[in-house]
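Me: I have a model open and would like to talk through its empty spaces and its sheet. Could you take me through the reasoning step by step?

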Amino acid sequence: MLNPQLNKHGELQHLLTLDGLPRDIINAILDTAAPFTEVAEREVKKLPLLRGKSIFNLFFENSTRTRTTFEIAAKRLSADVVNLNVSTSSTAKGESLLDTVDNLCAMQADMFVVRHAASGAPFLIAQHLRANGRNDIHVVNAGDGRHAHPTQGLLDMYTIRHYKQDFTGLTVAIVGDVLHSRVARSQICALTTLGVPEVRVIGPKTLLPTDIEKMGVRVFHDMREGLRGVDVVMMLRLQNERMNGALLPTPQEFYKVWGLTAEKLALAKPDAIVMHPGPMNRGVEIDSAVADGAQAVILPQVTFGIAVRMAVMSMLAGQ
Amino acid sequence: MPSLDAETLCRQLAEQLRPQITPTTALAGIRTGGLWLAERLHAMLGISLPLGAIDVSFYRDDYGARGLHTKPQRTEIPFSVEGAHVIIIDDVLYTGRTTRAALNELFDFGRPACVELAVLVDRGGRELPIAARYCAHTLVETLAPSQNLQLERADDGTLNLRMIDA
C-alpha cells in the first residue's frame, strides 16, 4: 500500500501518523534530533537550514505547548513562521479547510503544521496538495482528533531513548484515558515499531477502546498490577472536554483509583521514569509529589520536543 | 598520484603549528576526518584548551538541493570562542565550502580574536576565497571531481589517506 507520508524514493514527504512509519525513518528522526538539542546552549540559538521558508501554523484547536514548541523549532531553523489564529480567521466566516490551504499556498507556503479536532484533517490537506501537484509543500500533523499526534509520540521516544538507551528490553505502561487520546495511539505505534517487547495500557474499561489488544498491548484494569516492574510510566491527561455522557465518576474518585501516587509508583522499577504529555491535571491523573519528583522527566520532554520538531521540519524541507 | 603517508603528514603539520601555539589557542576539528586529525594534533601539541568538534551538516550550502542526507552529529565547542585564537582543522581542503560552513557555525558561538585553517592536504579546486595557513601537502596534479580524497582511521588509530572513485 502506498504510504501517503512517503515520496516515491521512500523519504518523508509529510509527517501524518506513526502508524506504518518504517523503523528506519523513526530512528533517523531521533538521530537527527540529537545534535539539535545542543543549539539551545549556543550564544546564537539559530541554524540557517530553513532560511527563506514560510511555515504556517494552522491550529483549529487550542494548544499552547505544541504550537509554541513548533514555533520555537521553526524559528531556531531560521524559518518565517505565521501563526493563524483560526477563531478570528476566514474559517470563522465559513471558508472551507481546503480553500484556506489554497489561499496560503498562493502566499508561497512551504509547510503547514496542522492541528484539527477532526481526525484525518492533515491527511485531507496532504491529499489535496498531491492532487494539485504541490509536492514541494509539506504537512506536519500536530494532532488530529482522536487519531494521531506523531511529534508527541516521537519526542516521547526520544525521551525514553535518552534515559533508557535501548528499547528492546523495556516494559512500558500507558495509563489513563486511552479512549480519547491521540497521544496514546501514537505512542503505542512507535513503541511497537521500535521493538518494545511489552506495552501495557492501564485504565478503566470505559476509557479504553474495546479492540485495543489488536494494537499488540496488554490490558490491565488494575493499576497496581499493571505498574509492577515497569521501566517507563506514561501518564495521559484526562480529557474531560472530549467526553460526552457518564464515562467517569468524579475527578476525586478517578484520582483515588487511577491517579499516579508515590505509593503506586513504588511498584514500578526503582529507576522507572514518569512521563506526561501535558497539560497535567494535578490531583486527577497525577499527584503533585510525583509530577515534581525525582523520577519525573516531564519538563525534559518539553525541551526534547523542540529538537524533535526541528529534526522533522528540516528532514521534510530538505526533500 | 604519489602515495601520501598520513602519519608523516600529520607530524609535519604538528611541527608547522607548534611555534604558533599560545595559551589562548584552541583547535576545532571538522567531523569526521578533520576531527581525527585534530585529536592527534591536540595531544601532540599539548594544547590546554579542550578540543572542539564541528559538524557542518546544518550549515551546508547544498541543503536546499540535497537535504540532510548525511547523519548529522553534534557540534561541540567546549571552550569560550569569545576572544580565542581558533585553528580549524580539516583533512582535505577542496572547494572551500566546508570551511565556509564551519566559519559561519563557529561565529554563532561568539567572536573569536582570529581564526586560521590547518589541513593535511590541499587538493586545489577552490570555489571560494579561502586558503589554509598551515598545510602539510599540496597536490600539484588535478583530481577529477569524481575522485574523493579522504582520511580514514584504522581500528588501531592509524590514519590513512585514501582515494575513492565515485
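**Spaces and strands**

Reply: Happy to. The largest cavity holds about 90 Å³ of space, and please keep in mind that this is a predicted model.

Me: What makes this space a cavity and not a pocket?

Reply: The test is escape: a 1.4 Å probe fits in a cavity but cannot get out, whereas a pocket is open, so a space listed as the largest cavity is a closed one. Its lining is made up of Ser57(B), Arg60(B), Asp62(B), Tyr63(B), Arg66(B), Gly67(B), Leu68(B), His69(B) and Thr70(B). By class these are 2 nonpolar, 4 polar and 3 charged residues.

Me: How many cavities does the search find in the whole structure?

Reply: There are 2 cavities of 30 Å³ or more. The second largest has a volume of about 30 Å³.

Me: Which residues line the second largest cavity?

Reply: From chain A come Pro35(A), Glu38(A) and Arg42(A), and from chain B come Asp55(B), Phe58(B), Gln73(B), Arg74(B), Thr75(B) and Glu105(B). This lining divides into 2 nonpolar, 2 polar and 5 charged residues.

Me: And the open spaces: what is the volume of the largest pocket?

Reply: The largest pocket contains about 1000 Å³ of space. It has 34 lining residues, and those closest to its centre are Arg31(B), Arg60(B), Asp90(B), Thr98(B) and Asn148(B). Helix H2 (33-44), strand E3 (85-93), helix H4 (97-107) and strand E6 (147-153) of chain B each give two or more residues to the lining. E6(B) gives the most, with 5 residues. The classes come to 10 nonpolar, 13 polar and 11 charged.

Me: Where does the second largest pocket lie?

Reply: Nearest its centre are Arg115(A), Arg182(A), Arg237(A), Gly278(A) and Pro279(A), out of 20 lining residues. Helix H2 (65-76) and helix H6 (182-193) of chain A each supply at least two residues of this lining. The volume is about 380 Å³, and the lining divides into 4 nonpolar, 9 polar and 7 charged residues.

Me: Now the sheet. How do you know that E1 and E3 of chain B are paired?

Reply: Pairing needs at least two bridges, and strand E1 (residues 25-30) of chain B shares 5 with E3(B), so the two count as paired, in the parallel sense. Within this pair, Ala28(B) has Ile88(B) of E3(B) as its bridge partner.

Me: What is the strand order of the sheet, and is it open or closed?

Reply: The sheet is open, with 5 strands in the order E2-E1-E3-E4-E5 (chain B) and parallel pairing. Strand E2 (52-54) and strand E5 (134-138) of chain B are called edge strands because each pairs on one side only. On average, neighbouring strands are turned by 25 degrees against each other, direction ignored.

Me: Which strands does H4 of chain B lie across?

Reply: H4(B) lies across E1, E2, E3 and strand E4 (114-122) of chain B, and runs at about 155 degrees to E3(B).

Me: What is the make-up of chain B in helices and strands?

Reply: Chain B has 4 helices and 7 strands. Read from the N terminus, the order is α-β-α-β-α-β-α-β-β-β-β.

Me: Why is chain B called as compact as a globular protein of its length?

Reply: The globule rule gives 15 Å for 166 residues, and the radius of gyration of chain B is 15 Å, close to that value, so the description fits. The C-alpha trace of chain B spans about 40 × 40 × 35 Å along its principal axes.

Key: Residues numbered from 1 in each chain as written. Chains lettered and ligands numbered in written order. Predicted model: local features only at pLDDT ≥ 70, side-chain atom pairs only at ≥ 80, totals over all residues. Heavy atoms only, no water. 1 Å grid on protein atoms, 1.4 Å probe; cavity = no way out; pocket = protein on both sides within 12 Å on 5 of 7 lines; lining within 4 Å. Points joined across faces, edges and corners; volume = space filled by probe spheres on them. Nonpolar A, V, L, I, M, F, W, Y, C, P; charged D, E, K, R; others polar. Axes fitted to C-alpha atoms, helices over the stretch in contact; angles between N-to-C directions. Contact = heavy atoms within 4.5 Å. Rg over C-alpha atoms; globule rule 2.2 N^0.38 Å.
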